[in-house]
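Let's take a walk through a protein chain together, starting from one residue and working outwards. Keep the structure open beside you and look up each spot as we reach it.

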Amino acid sequence: MTARPPLVLVPQHFGSTVFDRRTSRYLPFDHETTGVLLRARATPIGAIVDAAPPGRSGALAAFASALYERAFFTHDLFFDGVALDVAPPADHLTGPLAVHLEVVAACNLTCAHCFAGELPRREPPLTLAELDALFASLARLGSFRLGLTGGEPLLRKDLFDILDLATSHGLHPCLTTNALLLTEETAKKLGERSLVWLNVSLDGATAETNDAVRGEGTFARVLEKVAMLRRHARFSLAFTVMRHNASEAAAFAELAAAAGAHTAVLRPLYPVGAAGARPELWPSFDDYEAALGALFTLGATGDGRATAARAIDPFSPRSRGETRAVVHDNWGCGAGNTVCSISVGGDVNPCSFLGPGFVAENLRRAPFEQIWRASERLRAIRGLPGDGAGTASFGGGCRARSLVMAGDVNAPDPWLARHEAAPERRNPLTVLRAQRKLA
């Protein structure tokens with residue numbers, strides 16, 4: 001296969017996003033800086049800086065220097081990427097930044113907190129041909145991050161065909177598994193493929209806490225599988241923070257490092273799926289903050305123990321960098337704005353946590369591009385009135401938590417409303433200033 005350029009510029013209504021294949025991350029740019037990058041496909045960036053008006057040359061030189069440090073340019077200073085030929089919508093992203101695809105609606109476990117709810121579900125799965133068409137659509141829209149979930153993905157017999165189809169279109173798949181079905185052969189096959197992440201779920205630093213929700217004996221069995229997996233593939237251990245295990249966050253990070261995980265990933269439990277009937281498992285915001293605080297304390301010791309710790313934390317004030325840009329104009333969460341989910345049978349949903357009542361359309365009735373751009377359900381959730389203070393209506397956080405805990409997807413997120421002032425809105429057009437700070 002011919003090597004792809006490392007960068008992909010995706011046109012957006014505010015300018016563009018650039019996807020970096022080396023890091024699997026997006027960076028947003030305004031119209032002015034997008035124009036610079038497009039010109040740099042044919043003209044070296046140094047020549048563009050030299051030709052800039054005196055009043056702009058300093059800022060443009062700083063911008064070019066910051067992106068040079070990020071390896072945005074070839075050795076002869078051309079933009080090291082391609083630009084998609086796609087017309088962006090006027091009021092939302094050209095395509096989601098991440099798509100979560102359910103590849104099987106069955107599992108070999110019956111975890112008490114599973115977001116997928118009661119399994120198995122009887123719906124005809126998308127075929128390889130249908131998935132091929134979907135992956136082509138995602139590539140055309142610049143939606144390169146693909147999370148493969150279940151159920152348990154390893155139950156799908158053609159899983160490796162799905163992975164290969166995804167990567168053949170330039171997508172960056174991430175696979176989440178409980179690891180119990182791994183064999184030496186499947187571990188080798190996973191290691192041979194360019195997965196962005198291979199997440200192994202383990203929900204405690206001890207058998208007592210993990211097995212309470214994932215089933216008796218799973219803690220020991222997963223660690224046995226991980227010992228085999230580390231010989232063949234890079235992986236992370238994914239930890240769901242719940243009320244009963246939040247105090248184990250630091251111990252879990254240490255366990256991940258000892259087990260050979262590249263990272264430890266922490267996420268809060270969302271009160272959806274099977275967990276919706278188990279409120280005793282729901283962590284409070286204070287539980288989650290304490291878990292993250294333990295990781296920060298661990299990282300601050302300087303002894304190297306926390307090198308594998310990485311928290312996915314959309315709610316803590318610690319995660320809000322001064323240069324963080326926004327890429328959608330409403331006060332919504334990522335649901336229908338930056339992400340969406342697709343069920344095993346092709347139902348497109350703003351977010352898998354919102355449940356079947358929010359399904360926008362099915363891929364067997366309409367192509368993904370049409371659903372993303374024109375679905376009334378997606379347009380409705382993007383158009384919900386927001387509240388800058390996050391106290392009268394939704395102002396950030398998680399709509400699924402608002403739905404379950406407050407009775408309405410447009411109610412304030414109880415976590416955010418109780419504990420944090422409304423986040424400052426940052427315009428995506430301030431990216432030049434942000435990039436200058438990186439220099």
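Start at S341, which sits in strand β12. One thing to keep in mind as we go: this is a predicted model, not an experimental one. Is S341 buried or exposed? S341 counts as buried because its relative accessibility is 6%, and the cut-off for buried is under 20%. So who are its companions? Leaving out residues up to four places away in sequence, S341 touches H100, D347, V348, N349, P350, C351 and S352. With S352 there is something extra to look for: a polar atom of the S341 side chain lies 3.0 Å from the backbone nitrogen of S352.

Now zoom out a little to the strand itself. Strand β12 covers residues 339-342, and it pairs in the parallel sense with strand β5 (residues 98-102), over four bridges. If you follow that pairing, you'll find L101 standing opposite I342 in β12. Strand β12 has another partner too: it pairs with strand β13 (residues 347-349), this time in the antiparallel sense and over two bridges. Here our starting residue turns up again, with S341 opposite N349 in β13. Strands β12 and β13 make a hairpin with four residues between them. In the turn, look for G346, whose phi is positive, at about 100 degrees.

One of the residues touching S341 was C351, and that brings us to the cysteines. A disulfide is a covalent bond between the sulfur atoms of two cysteines. How many disulfides does the structure hold? The count is zero. Take C114: its closest cysteine sulfur is in C111, 6.3 Å away, so the two are too far apart for a bond. C351 is in no disulfide either, and the nearest cysteine sulfur to it, that of C398, is 6.4 Å away. C351 counts as buried because its relative accessibility is 18%, where the limit is under 20%.

Time for the whole chain. It has 15 helices and 14 strands, and of its 439 residues, 53% count as buried. Its accessible surface comes to about 18,800 Å², with 54% of that belonging to carbon and sulfur atoms. Many contacts also link distant parts of the sequence: among those between residues at least 6 apart, 69% join residues at least 24 apart.

Let's head inside. The largest nonpolar core has 82 residues, and F135, L237 and F368 have the most contacts within it. Helix α9 (residues 249-259) gives this core its largest share, seven residues. Apart from that core lies another one of 19 residues, including L7, V36, L67 and F79. To get a feel for a crowded spot, click on L237. Not counting neighbours within four places in sequence, its contacts include V200, V226, F252 and A256.

Helix α7 (residues 207-214) is worth a stop as well. Its buried residues are T209, N210, D211, V213 and R214, and they pack against β8 (197-201) and α8 (218-229). Just after α7 comes G215, with a positive phi of about 115 degrees.

That leaves a few backbone oddities. Most residues other than glycine have a negative phi, and most peptide bonds are trans. Which residues go against the first habit? One of them is S24, with a positive phi of about 60 degrees even though it is not a glycine. S24 lies in the loop between β2 (15-20) and β3 (25-30), and it counts as buried because its relative accessibility is 3%. A179 is one more, with a positive phi near 75 degrees. You'll find A179 in the loop between β7 (172-177) and α6 (184-191), and its relative accessible area is 0%, so A179 is buried.

As for the peptide bonds, a cis one joins L119 and P120, with omega at about 0 degrees. P120 lies in the loop between β5 and α4 (128-141), and β5 is the strand that pairs with β12 in the parallel sense. The peptide bond from G150 to G151 is cis as well, with omega near 10 degrees. G151 belongs to the loop between β6 (145-149) and α5 (159-168).

Key
Residues numbered from 1 in each chain as written. Predicted model: local features only at pLDDT ≥ 70, side-chain atom pairs only at ≥ 80, totals over all residues. Heavy atoms only, no water. Pairing = 2+ DSSP bridges. Buried < 20%, exposed > 50% of the residue type's maximum accessible area, 1.4 Å probe, protein only. Contact = heavy atoms within 4.5 Å. Areas by Shrake-Rupley, 256 points an atom, 1.4 Å probe, with all protein chains shown as cover. Core = buried A, V, L, I, M, F, W, Y, C linked by side-chain atoms within 4.5 Å. Polar contact = N/O pair within 3.5 Å; in protein donor to acceptor, adjacent residues only side chain to side chain. Disulfide = S-S within 2.5 Å.
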